[in-house]
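Me: Please take a close look at one part of this model, the pairing of its charged side chains. Set out how the pairs sit in the rest of the fold, for a reader who has not met the structure before.

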Amino acid sequence: PLSAFIEAKGNEGSGAGGSQEATCTVERPRAFQNLASGEGHFHVECYGADGKLKWVEDAKNQIKDVGAKLQLDTLFSGAAQVATWFIGLITAGGSIQTAADTMSSHAGWTENVSYDEATRVAWVEGAAAGSSGVISKTSSSTSDFTISASVTIDGIFLTSDSAKSGTAGTLWSTAPFATQQVLVDNDVLKVTYTYTFTVTGT
């Protein structure tokens with residue numbers, strides 16, 4: 001509803017020619033806005049065979065169209081939940097950040113499977129935690145890759161399918177590294193993934 005305040009002011013002047021004016025102030029209630037956004041990022045540490053830290057990457061991810069649709073369908077339409085998500089490695093030949101990418105179609109990059117583990121490495125996540133409109137879900141332990149050859153890695157991804165080089169499942173997100181990283185046999189990547197959901201009201 002609108003509220004109005006009307007004030008009349010008189011100005012007698014001389015004789016019968018006095019004047020009167022009115023001002024009207026209209027107050028509109030301020031609309032309440034509730035804004036929500038989600039952001040994920042990967043923290044990646046590379047250790048050499050001697051156990052010494054070689055480099056660190058912190059990479060923000062792009063959530064794919066198919067990932068966002070799955071999130072909404074699971075929350076609001078009863079779609080089947082993904083029990084376990086898996087992390088994979090990327091070697092890029094083009095853009096990693098294309099929202100329309102899927103596991104079966106991602107022309108800008110290829111999966112790098114040069115590591116000892118038999119499958120993509122599971123993301124082992126803890127329970128959601130937080131307060132005051134900032135809620136996060138993060139790794140309860142690192143997802144570790146033991147590199148098996150000399151390779152270059154440009155980024156990382158999260159998917160619902162465990163099979164190396166598999167084209168099934170849902171691609172949740174990809175994240176490009178700031179720098180192309182060179183790895184050698186027996187390097188170990190330790191990966192943490194965190195997804196943060198932020199709600200603000202004004």
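Reply: Lys-54 has a relative accessible area of 42% and therefore counts as partly exposed; here buried means under 20%, exposed over 50% and partly exposed in between, with a 1.4 Å probe and protein chains only. The model is predicted, so local features need pLDDT of at least 70 and side-chain atom pairs count only at pLDDT 80 or more, whereas totals for chains, interfaces and linings use all residues. Residues are numbered from 1 along each chain as its sequence is written, and side-chain values use heavy atoms, with hydrogens and water left out.

The partner of Lys-54 is Asp-187: the two form a salt bridge whose closest N and O atoms are 3.0 Å apart. The term requires a side-chain nitrogen of Lys or Arg within 4 Å of a carboxyl oxygen of Asp or Glu. Lys-54 belongs to strand β4 (residues 53–60) and Asp-187 to the loop between β13 (171–183) and β14 (188–201), so this pair ties together parts that are 133 residues apart in sequence. Helices (H or I, at least four residues) and strands (E, at least two) are DSSP runs, numbered from the N terminus. In contrast to the partly exposed Lys-54, Asp-187 is buried, since its relative accessible area is 2%.

By the rule stated above, the count comes to five salt bridges. Side chains of opposite charge can pair when their charged atoms come close. Another pair is Glu-111 with Arg-120, where the closest N and O atoms are 2.7 Å apart. Both Glu-111 and Arg-120 are buried. A network of salt bridges links these two residues with Asp-161.

Asp-144 and Lys-190 also meet through their side chains, in a salt bridge of 2.9 Å from N to O. This pair links distant parts of the chain, for Asp-144 is in strand β11 (residues 143–146) and Lys-190 in strand β14, 46 residues apart. Asp-144 is partly exposed, with a relative accessible area of 26%, and Lys-190 is partly exposed as well, at 28%.

The surroundings of Asp-144 lead to Val-121. With residues up to four places away in sequence not counted, Val-121 touches Asp-144, and also Trp-85, Phe-86, Ile-87, Ser-143 and Phe-145; contact means heavy atoms within 4.5 Å. Val-121 is part of strand β8 (residues 121–123) and is buried, at a relative accessible area of 11%. Its C-alpha atom is 5.3 Å from that of Ile-87, although Val-121 and Ile-87 are 34 residues apart along the chain.

Trp-85, one of the residues touched by Val-121, leads on to a pocket. The largest pocket holds about 640 Å³ of space. Twenty residues line this pocket, and those closest to its centre are Gln-71, Trp-85, Lys-137, Trp-172 and Tyr-195. On a 1 Å grid over the protein atoms alone, a cavity is a set of points where a 1.4 Å probe fits but cannot get out, while a pocket is an open set with protein on both sides within 12 Å along at least five of seven lines; lining residues have an atom within 4 Å of a point. Grid points are joined across faces, edges and corners, and the volume is the space filled by probe spheres set on the points. The elements that give two or more residues to the lining are α1, β10 (134–138) and β14. Helix α1 gives the most, with five residues.

Helix α1 covers residues 65–76 and includes Leu-75. Leu-75 is exposed, with a relative accessible area of 60%.

Finally, the chain as a whole gives these pairs their setting. The protein chain has one helix and 14 strands. Of its 202 residues, 32% count as buried. Among contacts in the chain with a separation of 6 or more, 69% are between residues 24 or more positions apart.
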